[in-house]
Structure formats: structure tokens, C-alpha cells
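Please keep the sequence and the three-dimensional view side by side while reading the paragraphs below.

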Amino acid sequence: MRRAGRPAGPAPARPQRGLWPWPRRSEAASLLAVERMAIEQTLLIIKPDAVARGAVGQIIGRLEAEGFALRQLRLVRLGRDEAERFYAVHRDRPFFAGLIQFMTSGPAIPMLLEREDAVAHLRRFIGVTDSARAGAGTIRGDFGTDVQRNAVHASDCPENAGREAVFFFGAQAG
């Protein structure tokens, strides 16, 4: 019995797998998807304001719900020298002294997070630096109060994520 739309006679021969000089469409799509799924690690610090308000569990819960895997976490109390080394890039900025005073005012929680496109995704997820302008539903919009007490710090690029992770977790980072 012949199927409609198919010419009479034997079915055309299908090339054997491996004879094509390029992958099949589904294989090519899979290869592209693997290339796009670059798993990255990034650093997030829950700042002293959010720790003092008891927001740690809620913030971690949101991060996990967003698909971030928690790889390492520490509770730290930064000393002045440590804070100045960590934020050295801001040394000449007018807010540097206030930032150092704030970051040494209480415990903070640095954590190493991992997921696909982690650095950029986390930056979008936490919201803009000024909590007053951060959107509702973002970490900074929901837990921060101003530009300095904005609940969290997040690495701004993969290179800084690596440097910052090593700062807190040493050779264990990654």
C-alpha cells in the first residue's frame, strides 16, 4: 500500500551516518547550545545591612530559585585593611571612606555562585547599584535602602569575579 504524496517505487536511500561532511541539523543545534551554555562562577557578597536585617535566607533562596548553584560561602567580618584591598579600585572616589566604614561595620557573607552566564545574569538579577532606582523584584530593590546600603555586592565582569573569588576563597575558588 502506497502512502499519499510518496512516489511509487523503492524509498530513496538515506546516507549512512558519518558520510556527511557536516553534522545533522539537530547535532549542529546541540553543538551551538553547548557553546552558548558557558557555565561561569561569580562572587556575591551579602553586605552588613542585609545581614543585620536578617535577609540572608531570603536572598539565598531567591538566588537558588533563579538557578544559581551555591558553591562556597563564608561569614566574615572585614578588617579595614581587607576592605581597602578589596575595594582598591574605588580608592580615589569620593565615597571610598564611607564604603570602607560601612563594609567593616558588621558581618558580611561572600559566596561563590555558579550557573550559565553567571556574571551578567546576576548583575541583571540584583538590580542597579542605587536601591532607590532598582526595580521591584530585584535584590537591591527589595532589600537595599540606598546606593551604599544596597544589600549586595556582585562582580561586574568575569575577570573581577575570578579575582574577587580568590580574595575570599583563595586557591579553593573555582
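**From the pocket to the sheet**

In this predicted model, β4 (152-154) and α8 (158-169) are elements that each supply at least two residues of the lining of the largest pocket. The largest share of that lining, three residues, comes from α8. In total 20 residues line the largest pocket, and those that lie nearest its centre are Y87, H90, F95, T129 and H153. Sorted by class, the lining has seven nonpolar, six polar and seven charged residues, and the space within the largest pocket comes to about 520 Å³.

Strand β4, met above as a contributor to the pocket lining, also belongs to an open sheet of four strands, whose order is β2-β3-β1-β4 and whose pairing is antiparallel. β2 (69-73) and β4 are the edge strands, each of which pairs on one side only, and from one strand to the next the twist averages 30°. In general, the strands of a sheet pair through backbone hydrogen bonds, in either a parallel or an antiparallel sense.

Within this sheet, strand β1 (residues 39-46) and strand β3 (residues 109-116) are joined in the antiparallel sense over eight bridges, and T42 stands opposite L113 in β3. Helix α6 (residues 118-126) packs on the sheet, where α6 touches β1, β3 and β4 and has a direction that makes about 35° with that of β1. Helix α8, which supplies three residues to the lining of the largest pocket, lies across β1, β2, β3 and β4 and runs at about 60° to β1.

Terms used
Residues numbered from 1 in each chain as written. Predicted model: local features only at pLDDT ≥ 70, side-chain atom pairs only at ≥ 80, totals over all residues. Heavy atoms only, no water. 1 Å grid on protein atoms, 1.4 Å probe; cavity = no way out; pocket = protein on both sides within 12 Å on 5 of 7 lines; lining within 4 Å. Points joined across faces, edges and corners; volume = space filled by probe spheres on them. Nonpolar A, V, L, I, M, F, W, Y, C, P; charged D, E, K, R; others polar. Pairing = 2+ DSSP bridges. Axes fitted to C-alpha atoms, helices over the stretch in contact; angles between N-to-C directions. Contact = heavy atoms within 4.5 Å.
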